[in-house]
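Please open the model in a viewer and keep the selection panel at hand. The tour below proceeds from one selection to the next and states what is found at each stop.

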Amino acid sequence: MKVVLINGIAGMPAGSNHLRFRELFTGMQYSSKQQATPMMIGAEVFIEPGQTAEEIDTWFLRLKEAGMVVTRIRLFETYMHQSNGVWHYSLFDVAYKAAEKYGIKIYGNLFPATGFTDLGGLKFPNDEAHLHSIANYIKNVVSHFKQFKSCYGWVPVNEPGLGHFPQEQFATDRYGEWKAEQANPEYNSNGYDHFDFAGERFHLYYNTWFLQWLTKEIHQYDAGSIIHVNNHAIFKHVAEYDFTAWRDFLTSLGGSAHASWHFGYFNRQQYALAVAANCAIIRSGAGGIPWFMTELQGGNNTYSGFLSLCPTASEISQWLWIAIGTESKGAIFWCLNPRSSGIEAGEWAMLNYLNEPSDRMLAATEIIDVINANSELFEHAKEVESGINILYTRESLWVEKKLQIGGKSYESRDEGGVMKSALGYFEALSECGLQVNFKEISEFDFAKDDYSGISIILAHQIAIPSKYWPLLAAFVQKGGKLIADGLTGYYDENAVGTMRLGFPMRDIFGADILEYKAIEDVQDITIEGITLPAFGWVGLLRPTTGKAIANENNATLAIKNNYGKGTTWWLPTLLGLGSRVLEDYSHLNRFLKKALDHSTKHSPFTFDTQQKNMLMKTMRSGDSIVTIIVNKSAERREVKLLTQVASPEPTVLFANKGGKTGGNHISIDTEETMVIKWE
């Protein structure tokens with residue numbers, strides 16, 4: 001069987017399923033299936049043998065009582081497909097009928113047969129026979145459950161993403177075939193010998209192929225139906241996801257954001273920030289299709305997860321409002337009821353063991369009530385663009401992982417240094433009340449004629465693929481501002497060093513690099529009169545067209561270069577990661593305010609001064625502006641907002657700890673979330 005990339009889905013016109021999703025979300029009836037609401041919030045109902053029809057009915061009643069309108073159900077083949085080949089759907093029929101009774105929409109999560117201890121489900125087929133088995137499963141399950149009015153759509157695979165090359169025989173057999181079919185690249189590191197990243201590129205392709213194949217199979221039996229997928233462990237697995245390709249066949253993009261599984265780069269005080277960064281990456285990946293947070297941690301961990309925790313009611317409010325503030329069309333909590341078997345027995349639930357709402361469930365209900373009371377406002381709300389774009393490259397993550405050899409641990413060069421550097425800038429700007437785009441470089445629009453007011457931050461992006469060298473040059477030439485931090489551009493896409501005579505980004509960076517020197521701990525570096533935390537390495541530069549803005553012992557350590565209508569700052573040390581290590585972004589933000597002053601003018605509201613351990617999301621809806629402010633500090637904060645809006649009139653829509661506003665002055669308690677509408 002030859003694996004090919006599928007370009008069309010069962011004869012359906014390109015993008016028609018995207019149109020259907022948009023119509024449903026904007027209240028236009030497209031099919032006989034139940035019409036969607038503009039914002040969908042719910043919790044996953046876990047179905048397993050041993051449950052009674054009365055229990056299942058109670059869980060859907062609890063969803064209804066909480067104002068929740070959507071759920072997701074794992075459709076376990078092992079609980080339906082008998083050893084004699086006969087299918088028994090009765091257990092799940094009870095759930096779909098209960099959903100109909102209470103007006104709940106169901107995303108059916110396909111879950112072909114897998115081991116009892118497999119928490120996440122299969123990611124890829126084992127062999128050709130297994131592929132046919134999956135196709136047979138889809139035929140039976142989709143054909144059966146599409147009959148229910150509660151059947152809203154399908155999740156073809158739970159949490160794609162492995163963290164390593166797929167090991168199944170089906171994948172390894174096809175890898176050689178795929179590799180042989182690849183055309184010779186236009187650029188091959190100018191003849192230098194290099195590592196082979198074909199495995200990583202195949203994995204990227206293979207994820208896309210399998211999702212498309214699953215979509216095609218689903219649409220054979222439920223043509224044009226909604227297709228949604230939830231990636232996971234975004235900060236470690238994101239290089240496996242080709243979101244721009246997925247837009248062609250997905251109806252919506254989603255994700256899982258579980259603090260106990262996915263936030264290893266953060267401490268608990270930073271979990272709201274982690275959710276914000278997670279949401280920003282998914283929003284960018286979705287592009288022109290909607291996005292929806294498929295899984296938010298809703299309950300306690302006991303033995304599952306990489307750490308044990310139970311979200312507080314305040315954290316539930318923070319995470320859900322942050323998702324909404326990043327244009328998510330809602331969220332589903334994992335999960336409503338505790339499962340009774342397996343590694344996760346008794347865990348994760350929003351209900352207690354007596355099927356009563358927990359404080360976390362009540363917190364979600366309070367938010368649902370606010371959204372329902374202001375449905376028009378939130379239906380049309382769009383995140384305000386700051387003009388600032390933090391870009392990451394898959395190749396940087398691949399190269400960083402490839403070059404790990406063990407030895408002493410260094411925050412700067414361990415796996416994670418690339419992502420943590422980008423997160424440092426994200427957190428710094430968040431503390432200013434700015435929201436920034438967090439994009440894979442392929443998701444950035446390089447086709448504009450003018451980039452005035454637009455900025456790109458490349459924070460320690462060690463590998464910049466050759467095709468982006470001229471695109472970045474054109475970006476700056478057309479008025480854009482570029483900040484290159486750390487070892488940005490140190491390698492090409494094949495991990496071949498570029499920092500030599502003839503450095504390909506010499507013109508836009510405005511200097512030649514002499515060498516990088518490793519440094520221990522954090523050291524001070526003064527750039528344009530601002531003392532900043534150098535970390536990991538410092539680069540020694542020789543200016544060409546650029547102006548030296550940091551010098552030490554007759555050596556140039558940073559450059560500002562005017563190129564065309566734009567400007568580049570080359571800062572060859574890890575300022576973002578150094579600030580993150582020190583847990584102090586005050587100096588970095590002083591520099592960013594100076595470098596990116598134009599970008600703050602895009603935002604109708606910002607904090608008047610940096611607010612450590614706080615963040616703000618800003619949305620525009622018609623003539624109204626909505627700000628969502630989260631205080632993760634240990635004390636009540638009195639904050640003044642700078643505004644571009646003349647005499648704004650505030651209305652507090654949500655404040656779960658008594659927060660108040662007087663004009664543009666905000667009083668917000670520790671762990672509080674405030675949602676304010678400004679007219």
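Begin by selecting Phe124, Phe165, Phe170, Tyr175, Trp178, Phe202, Tyr205, Tyr206, Trp209, Phe210 and Trp213, which ring pairs link into a cluster. Rings of Phe, Tyr and Trp (its six-membered ring) pair if their centres lie within 6.5 Å. A search of the whole structure finds 53 aromatic pairs.

Before continuing, please note that this is a predicted model, in which local features need pLDDT of at least 70 and side-chain atom pairs count only at pLDDT 80 or more, while totals for chains, interfaces and linings use all residues. Residues are numbered from 1 along each chain as its sequence is written, and side-chain values use heavy atoms, with hydrogens and water left out.

**Charges over rings**

Select Lys402 together with Phe197: the charged end of Lys402 sits over the ring of Phe197, 5.1 Å from its centre. Next, select Arg580 and Phe266, where the charged end of Arg580 sits over the ring of Phe266, at 5.4 Å from the ring centre. A charge sits over a ring if NZ of Lys or CZ of Arg is within 6 Å of the ring centre and within 35 degrees of the ring normal.

**Strand β6 and its partners**

Now select residues 252-257, strand β6, of which six of six residues are buried. Buried means under 20% relative accessible area, exposed over 50%, and partly exposed in between (1.4 Å probe, protein chains only). Strands (E, at least two residues) and helices (H or I, at least four) are DSSP runs, numbered from the N terminus. Ser252, Gly254 and Ser256 point one way from β6, whereas Leu253, Gly255 and Ala257 point the other way.

Add residues 226-231 to display strand β5, which runs parallel to β6 and is joined to β6 by four bridges. Two strands pair if DSSP finds at least two bridges between them. Asn231 stands opposite Gly255 in β6. Then add residues 291-297, strand β7, which is also parallel to β6 and is joined to β6 by five bridges. Here Leu253 stands opposite Trp291 in β7.

**An antiparallel sheet**

Move to the open sheet of four strands, whose order is β19-β22-β25-β24, with antiparallel pairing. Its edge strands, β19 (605-607) and β24 (660-662), each pair on one side only. Strand β22 (residues 637-643) is joined to β19 by three bridges. Within this pairing, Phe605 has Thr643 in β22 as its bridge partner.

**Two single residues**

Select Ser621, which lies in strand β20 (residues 614-621). Is Ser621 buried or exposed? Ser621 is buried, with a relative accessible area of 7%. Ser621 touches Glu376, Leu377, His380 and Ala381, not counting residues up to four places away in sequence; contact means heavy atoms within 4.5 Å.

Leu61 belongs to helix α2 (residues 53-65) and is partly exposed, with a relative accessible area of 26%. Add Tyr265 to the selection: Leu61 and Tyr265 are 204 residues apart in sequence and 38 Å apart in space, C-alpha to C-alpha.

**Cysteines**

Finally, display the cysteine sulfurs. A search of the whole structure finds zero disulfides, a disulfide being a pair of cysteine sulfur atoms within 2.5 Å. For Cys279, the nearest cysteine sulfur, that of Cys335, is 19 Å away. Cys279 counts as buried because its relative accessibility is 0%. Why is Cys310 in no bond with Cys335? The sulfur of Cys335 is the closest cysteine sulfur to that of Cys310, but at 12 Å it is too far for a bond. Cys310 counts as partly exposed, at 27% relative accessibility.

Key:
Phe/Tyr/Trp six-rings, centres within 6.5 Å; stacked < 30°, edge-to-face > 60°.
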